[in-house]
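Good morning, colleagues. I should like to take you through one model today, beginning at its ligand and working outwards to the chain. Please keep the view on the screen in sight as I speak.

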Amino acid sequence: MSDKPEKLITDDGLRLDGRHADEIRPMKIEIGVLSRADGSCYLEWGRNKILVGVFGPREVHPRRSQRADTAVIRYKYNMASFSTEDRARPGPSRRSIEISKVSREAFEPVIMAELFPKTAIDIFVEILQADAGTRTAAINASSIALADAGIPMKGLVTSCAFGKVDGQIVLDLNKDEDNYGEADFPVAMTQDGEITLLQMDGNLTPDEIRKGFELVKKGCKEILEIQQAVLRKKFETPVEETESEA
Ligand code: ADP
């Protein structure tokens with residue numbers, strides 16, 4: 001872990017990576033990067049690098065996991081052992097099981113699973129490089145991968161965290177801010193602003209939470225625009241053009 005910086009917010013009000021309090025890190029998205037998946041997405045957000053593959057709706061194994069009235073949604077978040085500064089221990093951990101559960105729940109209100117009874121929709125998340133905010137980054141990437149797979153959804157899910165750093169409420173914490181800040185508050189929401197994930201680590205006053213929510217709404221709006229632009233670009237491209245590229 002890097003040493004604690006003397007200050008996380010400089011005298012001119014900027015964060016150590018040059019961002020203002022209400023700015024998200026730069027985001028880059030590639031869609032359809034895995035040929036064996038039904039839908040996929042590679043996303044970079046700041047120094048986070050994340051790959052998501054979506055498979056399904058497909059037959060459920062084991063069969064006893066089937067549900068007669070709906071598809072089961074399965075979300076698996078995994079950190080590559082080389083994704084962090086100190087080697088992350090391979091295999092499931094309490095943290096990855098928790099993140100998988102809350103992320104699946106973040107999608108349940110939008111995925112129209114009832115259209116595909118007895119099947120499974122699998123979302124596999126691989127964190128290749130982690131720099132704080134991997135669960136939110138993975139949700140943003142999963143939204144795109146689900147759309148790429150053609151899974152019917154009521155809308156996209158977007159996700160972003162706010163936190164408290166040097167006593168200030170800021171959007172989208174980086175690693176130093178996450179390590180040495182006072183609070184981290186990841187949120188996910190639907191296009192209509194319905195909250196589908198909300199977690200809190202640290203202490204915040206009701207006023208700070210209100211202020212943080214204003215920032216998160218702004219962040220999610222920006223992310224939604226990026227997601228929509230990527231999807232529009234892919235699905236508005238004439239078929240002949242995509243075929244000639246293959
Ligand atoms: P998130 O990545 O969603 O912010 P956390 O707040 O749990 O989730 O983790 C913050 C950051 O701490 C991660 O993005 C990663 O950089 C680092 N981290 C998390 N788990 C581990 C681990 N097992 N080993 C090393 N670093 C980790």
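**The ligand and its surroundings**

Around the ligand there are 13 residues, and those that come nearest are Thr84, Ala88, Ala130, Thr134 and Arg135. Two elements give two or more residues to this shell, namely helix H2, residues 134-148, and helix H3, residues 175-180. By character, the shell around the ligand divides into 7 charged, 3 polar and 3 nonpolar residues. I should state at this point that the model is predicted.

Let me stay with one of the nearest residues, Arg135. Arg135 is found in helix H2. Is Arg135 buried or exposed? Residues with 20 or more other C-beta atoms within 10 Å are taken as buried; Arg135 has 24 such neighbours, and therefore counts as buried. Leaving out residues up to four places away in sequence, Arg135 touches Ile99, Ser103 and Pro186. As for a longer separation, Arg135 and Leu34 lie 101 residues apart in sequence, and their C-alpha atoms are 21 Å apart in space.

**Helix H2 and the core**

Helix H2 itself has 15 residues. From its first C-alpha to its last, H2 reaches 21 Å, close to the 21 Å expected at 1.5 Å a residue. How many of the residues of H2 are buried? The count is 15 of 15, so H2 is largely enclosed by the rest of the structure. Just after H2 comes Gly150, which takes a positive phi of about 75°.

The largest nonpolar core has 62 residues. The members that touch the most other members are Cys41, Ile50, Val52, Ala138, Ala141 and Ala145. H2 gives the most to this core, with 8 residues. Consider Ala138 in particular: setting aside neighbours within four places in sequence, Ala138 is in contact with Ile50, Val52, Tyr77, Ser103, Val125 and Ile127. Ser103 thus appears among the contacts of Ala138 and is also touched by Arg135.

**Helix H4**

I turn next to helix H4, which runs over residues 206-236 and has 31 residues. Its reach, first C-alpha to last, is 44 Å, close to the 45 Å expected at 1.5 Å a residue. Which residues of H4 are buried? They are Gly212, Leu215, Val216, Gly219, Cys220, Ile223, Gln227 and Val230. These buried residues pack against H2, and also against the strands S1, S6 (157-165), S7 (168-171) and S8 (183-190).

**Backbone features**

Several points along the backbone deserve a look. Where are the cis peptide bonds that I wish to show? One runs from Gly56 to Pro57, with omega near 0°, and another from His61 to Pro62, with omega near -5°. Pro57 has its place in strand S3, residues 48-59, whereas Pro62 lies in the loop between S3 and strand S4, residues 72-79.

Two residues that are not glycines have a positive phi. For Ala132, phi is about 80°; for Asp172, phi is about 55°. Ala132 lies in the loop between strand S5 (119-129) and H2, and Asp172 in the loop between S7 and H3. Ala132 counts as buried because it has 24 C-beta neighbours inside 10 Å. Asp172 is buried as well, with 28 other C-beta atoms within 10 Å.

Glu23 offers another setting. Glu23 lies in the segment before strand S1, residues 27-31. With 18 C-beta neighbours inside 10 Å, Glu23 counts as partly exposed. Glu23 and Asp166 are 143 residues apart in sequence, and 16 Å separates them in space, C-alpha to C-alpha.

**The chain as a whole**

Finally, the overall picture. The secondary structure of the chain comes to 5 helices and 10 strands. The radius of gyration is 18 Å, close to the 18 Å that the globule rule gives for 246 residues, so the chain is as compact as a globular protein of that length. Along the principal axes, the C-alpha atoms fill a box of roughly 55 × 45 × 35 Å. Of the 246 residues, 41% count as buried. Among the contacts with a separation of 6 or more, 69% are accounted for by residues 24 or more positions apart.

To return to where I began, Arg135 comes among the nearest residues to the ligand, and it sits in helix H2, which gives the most to the largest nonpolar core. Thank you for your attention.

Notes. Residues are numbered from 1 along each chain as its sequence is written. This is a predicted model: local features need pLDDT of at least 70, side-chain atom pairs count only at pLDDT 80 or more; totals for chains, interfaces and linings use all residues. A residue is near a molecule or strand if its C-beta atom, placed from the backbone, lies within 6 Å of it. Helices (H or I, at least four residues) and strands (E, at least two) are DSSP runs, numbered from the N terminus. Ala, Val, Leu, Ile, Met, Phe, Trp, Tyr, Cys and Pro count as nonpolar, Asp, Glu, Lys and Arg as charged, and the others, Gly among them, as polar. A residue is buried if 20 or more other C-beta atoms lie within 10 Å of its own, exposed if 12 or fewer, and partly exposed in between; C-beta atoms are placed from the backbone. A nonpolar core is a set of buried Ala, Val, Leu, Ile, Met, Phe, Trp, Tyr and Cys residues joined through C-beta atoms within 7 Å. Two residues are in contact if their C-beta atoms, placed from the backbone, lie within 7 Å. The expected span of a helix is 1.5 Å times one less than its number of residues. The radius of gyration is taken over C-alpha atoms; the globule rule is 2.2 Å times the number of residues to the power 0.38.
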